[in-house]
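Subject: Structure handover

Hello,

Here is the structure I promised to pass on. Please open it first, then read my notes below.

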Amino acid sequence: MTGGARVCLGQIGAAHGVRGEVRLRSFTADPAAIADYGPLETEDGRVLEIEKLRPAKDHFVARLSGIRDRDAASALTNTKLYVPRERLPRTEDPDEFYHADLIGLAAVDRAGKTLGTVVAIHNFGAGDLIEVRSQTGGSTELVPFDLTHVPEVDIASGRIVVHPPDGLFKAN
């Protein structure tokens with residue numbers, strides 16, 4: 001990873017109540033651990049700290065530093081929260097990695113032919129998808145991020161092996 005890379009740990013939802021609390025979705029392995037990473041940064045560089053965190057139905061309710069009323073909380077709706085990559089602990093298991101570590105890796109087929117480059121990881125509710133920009137530089141393709149379609153991730157070699165669903169990467 002290049003210096004200065006950030007990892008998204010969560011996203012602020014709607015305001016909760018009138019005292020400046022917000023709904024918070026955590027993307028950490030242990031969702032409550034989002035409060036343990038220290039100050040979080042927004043995309044525009046604003047720094048926020050979680051002062052209090054409590055579980056709710058399918059999210060958390062958080063009190064953030066400097067946010068004391070509903071208007072200030074509402075202004076943060078959909079704000080993503082990041083930490084510098086180097087603040088995250090190292091992974092010990094070679095099959096465990098951070099999504100941010102996948103961005104920029106080459107996507108190759110089982111024969112080793114380059115299909116493109118990983119440009120993003122998405123989750124629209126039905127599981128993770130890897131977005132791969134075609135080697136020709138045009139469109140992108142979404143590939144399910146599971147063992148069937150991505151049987152190998154080799155961060156040290158800078159590549160993932162992709163077995164795409166039928167119909168993807170036909171132009172390559």
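Let me start with one side-chain pair. The side chains of Ser134 and Thr136 are joined by a polar contact of 2.9 Å. Bear in mind that this is a predicted model. Ser134 sits in strand E10, residues 128-134. Its relative accessible area is 11%. The cut-off for buried is under 20%, so Ser134 counts as buried.

**Overall layout**

The chain has one helix and 13 strands. In sequence order the pattern is β-β-β-β-β-β-α-β-β-β-β-β-β-β. The C-alpha atoms fill a box of roughly 55 × 30 × 30 Å along the principal axes. Of the 172 residues, 38% are buried. Take the contacts with a separation of 6 or more: 49% of them link residues 24 or more positions apart. The exposed area of the chain is about 10000 Å², and carbon and sulfur atoms supply 48% of it.

**Ser26**

Another serine to look at is Ser26, in strand E2 (residues 21-26). Is Ser26 buried or exposed? Its relative accessibility is 17%, so Ser26 counts as buried. Its side chain has a polar contact of 2.9 Å with the side chain of Thr28. The Ser26 side chain also reaches the backbone oxygen of Pro31, at 2.8 Å. Beyond four places in sequence, Ser26 touches Leu9, Gly10, Pro31, Ile34 and Phe60.

**The cores**

Which residues have the most contacts inside the largest nonpolar core? They are Leu9, Ile12, Leu24, Leu40, Leu64 and Leu88, in a core of 23 residues. Four elements give two or more residues to this core: strand E1 (6-16), E2, strand E6 (60-64) and strand E7 (80-84). E1 provides the largest share, four residues. Leu24 is worth selecting in your viewer. Outside its neighbours within four places in sequence, Leu24 is in contact with Gln11, Ile12, Ile34, Ile50, Leu53, His59, Phe60, Ala62 and Leu81.

Another core lies apart from this one. It has 16 residues, including Ala107, Val118, Val132 and Leu168. As background, nonpolar side chains in soluble globular proteins tend to be buried together.

**Val132 and its surroundings**

Val132 belongs to strand E10. Its relative accessible area is 0%, so Val132 is buried. Leaving out neighbours within four places, Val132 contacts Ala107, Gly116, Thr117, Val118, Ser139, Thr140, Glu141 and Phe169. Leu115 is 17 residues away from Val132 along the chain, yet their C-alpha atoms are separated by 8.1 Å.

**Hairpins**

Now the strands around that region. Strand E8 (residues 106-108) pairs with strand E9 (residues 114-123). The sense is antiparallel, over three bridges. Ala107 has Gly116 of E9 as its bridge partner. Five residues lie between the strands of this hairpin, and Gly112 takes a positive phi near 95 degrees.

E9 also pairs with E10. They run antiparallel and are joined by seven bridges. Asn123 has Asp128 of E10 as its bridge partner. How many residues lie between E9 and E10 in their hairpin? There are four, and Gly125 in the turn has a positive phi of about 115 degrees.

Best regards

Technical notes: Residues are numbered from 1 along each chain as its sequence is written. This is a predicted model: local features need pLDDT of at least 70, side-chain atom pairs count only at pLDDT 80 or more; totals for chains, interfaces and linings use all residues. Side-chain values use heavy atoms; hydrogens and water are left out. Buried means under 20% relative accessible area, exposed over 50%, partly exposed in between (1.4 Å probe, protein chains only). A polar contact is a pair of N or O atoms within 3.5 Å; within protein, one must be able to donate a hydrogen and the other to accept it, and residues adjacent in sequence count only if both atoms are side-chain atoms. Contact means heavy atoms within 4.5 Å. Two strands pair if DSSP finds at least two bridges between them. A nonpolar core is a set of buried Ala, Val, Leu, Ile, Met, Phe, Trp, Tyr and Cys residues joined through side-chain atoms within 4.5 Å. Accessible areas come from the Shrake-Rupley method with a 1.4 Å probe; for residues, only the protein chains shown count as cover.
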